[in-house]
Amino acid sequence: MENLKKYLPWALRILISFLFLISAVAKMYPSPYFAISTFEVKQLYPMGFSEDFAVFFSRILIGIEFALGLLLLQPHFLKRIVIPATLLMLIVFTTHLTIDTIQNGGNSGNCGCFGSLLPMTPIEAIIKNVIAGVLLVYLLYLLPKNTDKKNFWVLTTVTFASILMIFMLAPIQPKAVEDTADDATVLPIETLEAFPAQPADSSAVPATETKTAETTAVEAAKPATDEPAPQKSGYAQYFSKADQGKKIICLFVPGCDHCRDVAKELTEMRAKNKNFPEVSVLFMNEEAEKIPEFFKFAGADYPYKVLEVIPFWKLLGTSKDTPGVIYLWNGNKIKEWDGINEKKFVGSELQNVLKKNYSELKK
């Protein structure tokens, strides 16, 4: 019994400390810029935080969360300040999750408590927080009175160092990004070799490819192509030809490994199919300096634009995740993929829908 009283408080402190530390670290996975921006858009903006304030508050909040995880393992002001502050943070998080559950339902979606490292629904997060809160209250009961050491500098040093670390790992990016959009599709070297560009002058087209009057008349007599009526998708404001024919619009983050994998897969698919739709990319303004590295990994340079965080997520959808891939046909959204879970991009699915005419797709 004596051993239980001696070691149980330490076991509870280590358990809750690990919970807070892993939660703070997970909010920066897989890329600090991408993950924190996702946290801001999905958690802070719906609560009314402005974009300018959210970028600071999110980093401070994650820093405090990390600091509390460390401070639970030290003795200074443990019972008087650290444990009550940890309880307060749990109460705030739980209240927010409860409101979100009442308004939007809590059985689906990722609450962001553990970022994208460990997706968790709001209801699951509420249960987790309630259990952690009960354990903290029990820990307060187990700890004897007057056990706190009183070096306040330990608390301030750990807290400020943790916040500073988060700002160093994910420095705030400048808003202004040079517009580098280009409506011309750029093919990788191997594709250019496989499918050389046709001469601009029609008189230079080889005789074997020149249409005769007879074949032209036959083609004119054929019924109209089975395709959807033109629609305005909203992407033409970024790429002027987005609503003309078949197009692939991608929403990526330059530092996101999953986005890079999808881009590389699209490049490989396009190299095998000369009729593959044009690919254009909308990047979120996080680590924009990595865009050249992104295209180098993908194996192709695609037309792209860089959007600020809020417009990017509004375009993708705050309930969705990157990488986002959208197949448009005359501006009609035929198929879309997002995230890395059940709705993630699957190349074979895109290949299947590309083979179908519009009447088959409507079935």
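Student: In this predicted model, which residues touch the most other members of the largest nonpolar core?

Tutor: The model is predicted, not experimental. Its largest nonpolar core holds 70 residues. The ones that touch the most other members are I248, F252, L266 and L350.

Student: Which helix gives the most to this core?

Tutor: The top contributor supplies six residues to the core. It spans residues 78-104. That is helix 4.

Student: Which residues of strand 4 does F252 contact, leaving aside its neighbours within four places in sequence?

Tutor: Strand 4 covers residues 324-329. The contacts of F252 beyond its sequence neighbours include F312, P323, G324 and V325. Set against the range 324-329, the ones to name are G324 and V325.

Student: What is the bridge partner of V325 in strand 5?

Tutor: Strand 4 and strand 5 run antiparallel, and five bridges join them. Strand 5 covers residues 332-337. The partner of V325 is W337.

Student: Which residue in the turn between strand 4 and strand 5 has a positive phi?

Tutor: The two strands form a hairpin. Two residues lie between them. The phi in question is about 55°, and it belongs to N330.

Student: Is A263 buried or exposed?

Tutor: A263 sits in helix 9, residues 257-272. Beyond its neighbours within four places in sequence, it contacts F252, F294, A298 and Y302. Its relative accessibility is 1%, under the 20% cut-off, so A263 counts as buried.

Student: What separates the C-alpha atoms of A263 and V281?

Tutor: Along the chain, the two are 18 residues apart. F252 contacts both A263 and V281. The C-alpha separation of A263 and V281 is 9.3 Å.

Student: How many disulfides does the count come to?

Tutor: Take C256 and its closest cysteine sulfur, in C259. The sulfurs are 3.1 Å apart, and a disulfide needs them within 2.5 Å, so this pair is too far for a bond. The count comes to zero.

Student: What is the relative accessibility of C259?

Tutor: C256 counts as buried, at 1% relative accessibility. C259 also counts as buried. F252 is in contact with C259. The value for C259 is 0%.

Student: Where is A170 found?

Tutor: A170 is buried, with a relative accessible area of 0%. Helix 6 covers 152-169, and helix 7 covers 189-194. A170 is in the loop between helix 6 and helix 7.

Student: How many Å apart are A170 and I36 in space, C-alpha to C-alpha?

Tutor: In sequence they are 134 residues apart. In space, the C-alpha atoms are separated by 8.0 Å.

Student: What percentage of residues 152-172 is helix?

Tutor: UniProt, in an unreviewed entry, lists "transmembrane region" at several spans, including 7-26 and 152-172. Residues 7-26 are 100% helix, with end C-alpha atoms 28 Å apart. Over residues 152-172 the end C-alpha atoms are 30 Å apart and strand is 0%. The helix share of 152-172 is 86%.

Student: What percentage of contacts with a separation of 6 or more comes from residues 24 or more positions apart?

Tutor: The protein has 13 helices and five strands. Buried residues make up 41% of its 363 residues. For the contacts asked about, the share is 72%.

Student: What percentage of the accessible surface belongs to carbon and sulfur atoms?

Tutor: The accessible surface comes to about 19,900 Å². The carbon and sulfur share is 61%.

Methods
Residues are numbered from 1 along each chain as its sequence is written. This is a predicted model: local features need pLDDT of at least 70, side-chain atom pairs count only at pLDDT 80 or more; totals for chains, interfaces and linings use all residues. Side-chain values use heavy atoms; hydrogens and water are left out. UniProt positions are given in the numbering used here, feature names are shortened, and annotations may be inferred rather than shown by experiment. Helices (H or I, at least four residues) and strands (E, at least two) are DSSP runs, numbered from the N terminus. Two strands pair if DSSP finds at least two bridges between them. Buried means under 20% relative accessible area, exposed over 50%, partly exposed in between (1.4 Å probe, protein chains only). Contact means heavy atoms within 4.5 Å. Accessible areas come from the Shrake-Rupley method with a 1.4 Å probe; for residues, only the protein chains shown count as cover. A nonpolar core is a set of buried Ala, Val, Leu, Ile, Met, Phe, Trp, Tyr and Cys residues joined through side-chain atoms within 4.5 Å.
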